[in-house]
Amino acid sequence: MSTLLASPDESATVGLYLSTLDTLSCKQLTQLRRDIQVGDATKETHDVVGVSFADFLHFLFHTCQSYQPAIMPDTERSRGPADLMPFAFGLAAIVASTKWYWPTRWLISGAPILTFVLLLGASNGYRVLNAVPIVLLIAILNLTYAVASTSWLLYGVFIFITYPTIFFTCLCQFDFFARRFRHGLRRFIRQLHFVNESVALFDIPALEIDVDVDGLMVIRGMTISLSTLTVTAHGIEVGIKLAKDLEVAISTETVVVSLFRGIHISDCYANIKGELDEMTFGELDENDSEDEGGVVVESTPLLVAAGSRSRRPQYHRLASIAERKNMKDSAPKAGWKSIRKLNPADQDANDEYDRLLKYIVDTNAIATCRKSVAKKGENIENDKDRRAAICSAMQSTPTVPHPPKRSIKVTTLQTLSSPRTRSFLHRLPMLLRLLLNPIAYFHPVKISSITAGGSGRQAAHVLKTKLLKEYSKDDRELRKLEKRILRWLVDANFVVELDEVSGAASVPVNTAYEILASLRFGDVLAYRTLEKQVVQEEVLRLAGADATFEIPSFLLPHHDHILPAKLSDQERSELEEKVAHADGKPQQMKAAHELEQAEKDETNMRLSAHVQLPASCSQELLNFAATLVKASKIVEIEKDPEPEPSSHGIKEFGHAISKGMKSGVKHALVAGVINDKWIAKMVGKVVRHLEEAQGDLGWMGDIPIKLGIYRLPEGHPESSKILA
């Protein structure tokens with residue numbers, strides 16, 4: 001500062017500048033400094049004291065972060081005898097409790113303590129419920145105690161409410177108490193980053209999925225806001241191995257859970273990977289999953305596979321964060337210690353939180369692919385086209401780009417409680433419904449968009465191995481069709497985008513009703529993108545879609561007591577009789593289907609799906625569909641066995657020759673006469689009429705579900721329910 005001042009007059013003038021510091025915010029100072037630098041300020045402002053005011057503001061800008069002006073009350077208030085009232089009241093209450101019994105009971109209730117806290121806050125110039133007069137507030141508090149003291153039950157409830165109220169009142173009224181509380185939380189709960197009214201966690205152990213399928217779920221950071229009752233997860237990455245040669249990668253930047261208000265998910269990207277150079281868990285053996293014997297474990301096969309496949313530098317560490325040590329134990333305490341701990345100072349914790357959050361945002365796979373798409377070529381102005389290009393670029397990224405060093409398994413979480421506790425809770429199915437009902441009702445899900453993509457090479461591989469097989473070697477026409485099909489698939493990625501997704505569910509308390517779930521999509525698009533180009537081709541577009549699911553309530557966990565009984569001999573005979581005496585063909589087919597499902601021990605989930613018109617479709621997609629249909633028909637003919645000459649007689653031999661001729665004629669008609677391009681062109685003319693049509697096209701049907709996995713063995717201790 002001394003380098004700026006040249007004389008006492010200049011010092012006085014600069015002191016006048018400093019006196020205005022309390023009236024200017026950092027944002028205002030920044031804007032003023034920017035105006036001076038670009039010449040917007042007046043000449044008189046530049047040089048008032050013989051030194052540049054811009055230089056002074058430059059100094060002021062760098063020092064205002066550490067400068068904290070004293071917060072003064074709006075009006076000067078002289079201290080008087082009224083300020084001693086809280087201490088006089090507290091002393092009187094203590095003295096009275098030493099002489100009489102009733103003040104002791106009053107003191108234990110917490111009413112005089114809360115009164116003292118309110119009086120102390122009022123004397124300091126700030127208290128809770130400032131709109132209510134302090135005398136009225138204290139009168140209501142003690143009158144409530146007088147009523148509660150007449151009953152031991154009300155007295156206990158009063159104590160149960162009063163002491164938490166004292167704590168939160170002190171937290172709101174006294175800055176010193178709030179600072180000490182945050183400092184104590186940072187020392188006591190070392191795995192948390194606690195600053196102001198938010199709790200943040202970093203380096204969270206991954207959730208290892210080991211039930212039915214293998215997978216890994218990573219949450220890179222989490223922020224819990226206590227004032228808004230909001231939980232925000234940052235950098236979510238999920239990888240699931242569906243089969244030996246198939247896995248899916250799901251990632252999104254943020255998931256915001258607003259308690260009792262809803263769940264909002266940012267743009268979500270999913271990629272289906274089916275080749276070893278794309279897969280992360282492709283070489284993972286099914287027998288690799290083993291029980292390490294701890295709650296939080298490290299170096300599991302899934303973590304090792306994700307770490308070795310991750311195409312990124314070693315996990316970046318901020319300079320202000322100490323290097324993580326190699327921890328060998330797998331105890332829960334060690335796992336919680338691995339979560340990031342930050343500096344206790346408020347400002348340092350804020351800066352550290354901002355740096356960690358910025359690093360997560362800048363290094364996630366979505367942001368990386370967004371930058372690579374922008375560098376490849378022209379800037380894509382349409383958000384939907386940009387999301388399709390990003391999803392196509394994410395096809396070559398690792399399934400889980402940022403795996404942590406530790407994980408916790410789903411099966412471990414399921415066994416944290418004792419078997420007796422789990423068995424007792426399983427006998428209370430109504431408790432589960434009472435819990436799920438408000439959760440489902442108050443938390444509708446909104447997703448900005450879902451963009452799913454897959455490689456055309458994988459689709460070509462599936463068609464060649466499952467449909468075309470070896471038939472094309474001996475058929476010239478089929479070879480031509482195969483080349484056209486593979487040419488359209490191999491060099492491209494295919495992306496489906498669902499925009500403005502909203503979902504809601506309803507779980508009934510009464511099992512007489514069914515579980516209802518609905519999904520709505522604002523816009524549905526399909527793209528074909530070339531791997532070496534940014535520009536993508538839109539091949540299909542729908543105005544919207546929706547789906548509704550009706551699920552029987554007995555499919556909820558631990559509701560085996562209301563499952564339909566297995567088919568008995570008497571019920572079988574009744575159903576067979578119903579089939580035999582059905583009135584008409586439709587009723588007969590319906591009864592036969594019910595009998596078949598009862599024998600298989602199945603139930604149905606009802607699905608209703610609709611697409612909204614108008615719709616548009618590219619001619620290339622129609623050409624591909626017509627070629628695929630024609631190839632499938634030729635393969636279907638090729639599958640029929642060739643007629644072999646029979647030695648049983650001339651009649652049988654004639655039938656065989658006739659059948660072979662019919663097959664050959666049919667093959668010739670399909671391969672030569674039917675022009676798939678002409679058919680695609682005719683279908684395209686019909687589809688163009690759908691671009692102006694209005695309405696819905698829908699389908700409703702049943703999805704069978706096996707009930708065997710939901711049934712408990714006879715005599716199981718959980719079979720008898722307490723609260724069904």
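## A salt bridge between α14 and β6

R370 has a relative accessible area of 33% and is partly exposed. In this predicted model, the side chain of R370 meets that of E253 in a salt bridge, with an N to O distance of 3.6 Å. R370 belongs to helix α14 (residues 365-376) and E253 to strand β6, so the pair ties together parts 117 residues apart in sequence. E253 is partly exposed as well, because its relative accessibility of 23% is not under the 20% that would make it buried.

## Other salt bridges

The structure holds 19 salt bridges in total. One of them joins D362 and K358, whose closest N and O atoms are 2.8 Å apart. Both residues are in helix α13 (residues 346-363); they are four residues apart, so about one helical turn separates them. D362 is partly exposed at a relative accessible area of 30%, whereas K358, at 52% relative accessibility, counts as exposed.

K578 and E594 form another salt bridge, in which the closest N and O atoms are 3.4 Å apart. This pair links distant parts of the chain, with K578 in helix α21 (residues 569-580) and E594 in helix α22 (residues 585-600), 16 residues apart. Relative accessibility is 44% for K578, which counts as partly exposed, and 31% for E594, which is also partly exposed. Salt bridges also link K384, R387, E497, D499, D523, E538 and R541 in a network.

## Nonpolar cores

The largest nonpolar core has 18 residues. Inside this core, the residues with the most contacts are I236, I240, V255, I447, F521 and V524. Two or more residues each come from β5 (230-243), β6 (246-258), β13 (515-530), β14 (536-551) and β15 (602-617). The most are given by β5, with four residues.

Setting aside neighbours within four places in sequence, V255 is in contact with V231, T232, A233, I236, I263, H264 and I265. Another core lies apart from the largest core and has 17 residues, including A93, L120, V128 and F158.

## Packing of α5 against α6

Helix α5 (residues 85-99) and helix α6 (residues 101-109) have axes that come within 7 Å and cross at roughly 125 degrees. The crossing makes α5 oblique to α6, because an angle of that value falls outside the 65 to 115 degrees counted as roughly perpendicular and is not over 145.

On the α5 side the contact is made by F89, A93, A96 and S97, and on the α6 side by P103, T104, W106 and L107. The residues of this contact divide into six nonpolar, two polar and no charged.

Notes: Residues are numbered from 1 along each chain as its sequence is written. This is a predicted model: local features need pLDDT of at least 70, side-chain atom pairs count only at pLDDT 80 or more; totals for chains, interfaces and linings use all residues. Side-chain values use heavy atoms; hydrogens and water are left out. Axes are lines fitted to C-alpha atoms, for helices over the stretch in contact, and angles run from 0 to 180 degrees between N-to-C directions. Angles under 35 degrees count as roughly parallel, over 145 as roughly antiparallel, 65 to 115 as roughly perpendicular and the rest as oblique. Contact means heavy atoms within 4.5 Å. Ala, Val, Leu, Ile, Met, Phe, Trp, Tyr, Cys and Pro count as nonpolar, Asp, Glu, Lys and Arg as charged, and the others, Gly among them, as polar. A nonpolar core is a set of buried Ala, Val, Leu, Ile, Met, Phe, Trp, Tyr and Cys residues joined through side-chain atoms within 4.5 Å. Buried means under 20% relative accessible area, exposed over 50%, partly exposed in between (1.4 Å probe, protein chains only). A salt bridge is a side-chain nitrogen of Lys or Arg within 4 Å of a carboxyl oxygen of Asp or Glu.
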